[in-house]
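Thanks, everyone, for making the time. I would like to take you through one model this morning, going from the sheet to what packs around it, and I will leave the overall totals for the end.

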Amino acid sequence: MIPVPTGARVWLATGYTDMRRGFPSLALQVQEVLRKDPLSGHLFVFRGRRCDLVKMIWHDGQGACLFTKRLERGRFIWPSVAGESVTISPAQLSYLLSGIDWRNPQETQRPTRVG
């Protein structure tokens with residue numbers, strides 16, 4: 001899991017993004033489409049068309065970081081809102097990166113007895 005700094009927000013860009021893009025063009029999309037500052041220290045997450053690949057950009061104050069994750073099975077759960085971005089918590093980001101529905105996380109197995 002990526003350590004999200006205290007005070008940093010996690011923004012999901014709704015819709016699809018061309019996954020051939022690198023940090024400069026994703027930062028430009030953050031600036032022009034999402035109307036946010038890509039150098040603010042916040043994390044910005046983008047999803048590919050097939051929904052199995054995400055890219056995250058983050059500027060840590062010293063340099064630009066670009067993270068990529070592809071799921072071997074399943075798809076990333078993404079918000080279906082008409083807006084341009086959605087903010088989520090760092091805990092929800094860890095669910096999202098694990099392929100778990102971050103909107104309503106459920107236990108996969110409940111113990112039936114102790115010991």
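The sheet in this predicted model is an open one of 5 strands, which follow the order S4-S3-S2-S1-S5 with mixed pairing. Strand S4, residues 64-70, and S5 are at the edges, and because each has a single partner strand, one side of each is left without a neighbour in the sheet. From one strand to the next, the twist averages 25 degrees.

If we look at one pair in detail, S2 and S3 run antiparallel to each other and are joined over 4 bridges, and within that pairing Phe44 has Ile57 of S3 as its bridge partner. Packed on the sheet is helix H1, residues 23-32, which touches S2, S3 and S4, and whose direction makes about 80 degrees with that of S3.

Let me turn to the cores. The largest nonpolar core comprises 19 residues, and Val45, Leu93 and Leu96 are the ones with the most contacts inside it. Two or more residues each come from strand S1 (10-13), strand S2 (43-47), strand S3 (53-59), strand S5 (85-88) and helix H2 (90-97). There is also a second, separate core of 12 residues, with Leu26, Leu34, Phe44 and Leu53 among them.

Which residues is Val45 in contact with, once its neighbours within four places in sequence are left aside? The list is Val10, Trp11, Leu12 and Ala13, then Val54, Lys55 and Met56, and finally Trp78 and Leu93.

One residue of strand S3 that I would like to single out is His59. Is His59 buried or exposed? Its relative accessibility is 17%, and since the cut-off for buried is under 20%, His59 counts as buried. The side chain of His59 reaches the backbone nitrogen of Gly61 at 3.2 Å, and, not counting residues up to four places away in sequence, His59 touches Pro38, Leu39, Gly41 and Ala64.

Now for the totals. The protein has 2 helices and 5 strands, running β-α-β-β-β-β-α from the N terminus on. Of its 115 residues, 39% count as buried, and the protein exposes about 7,500 Å², of which carbon and sulfur atoms supply 48%. As for the contacts between residues at least 6 apart in sequence, 58% of them join residues at least 24 apart.

Notes. Residues are numbered from 1 along each chain as its sequence is written. This is a predicted model: local features need pLDDT of at least 70, side-chain atom pairs count only at pLDDT 80 or more; totals for chains, interfaces and linings use all residues. Side-chain values use heavy atoms; hydrogens and water are left out. A nonpolar core is a set of buried Ala, Val, Leu, Ile, Met, Phe, Trp, Tyr and Cys residues joined through side-chain atoms within 4.5 Å. Buried means under 20% relative accessible area, exposed over 50%, partly exposed in between (1.4 Å probe, protein chains only). Contact means heavy atoms within 4.5 Å. A polar contact is a pair of N or O atoms within 3.5 Å; within protein, one must be able to donate a hydrogen and the other to accept it, and residues adjacent in sequence count only if both atoms are side-chain atoms. Two strands pair if DSSP finds at least two bridges between them. Axes are lines fitted to C-alpha atoms, for helices over the stretch in contact, and angles run from 0 to 180 degrees between N-to-C directions. Accessible areas come from the Shrake-Rupley method with a 1.4 Å probe; for residues, only the protein chains shown count as cover.
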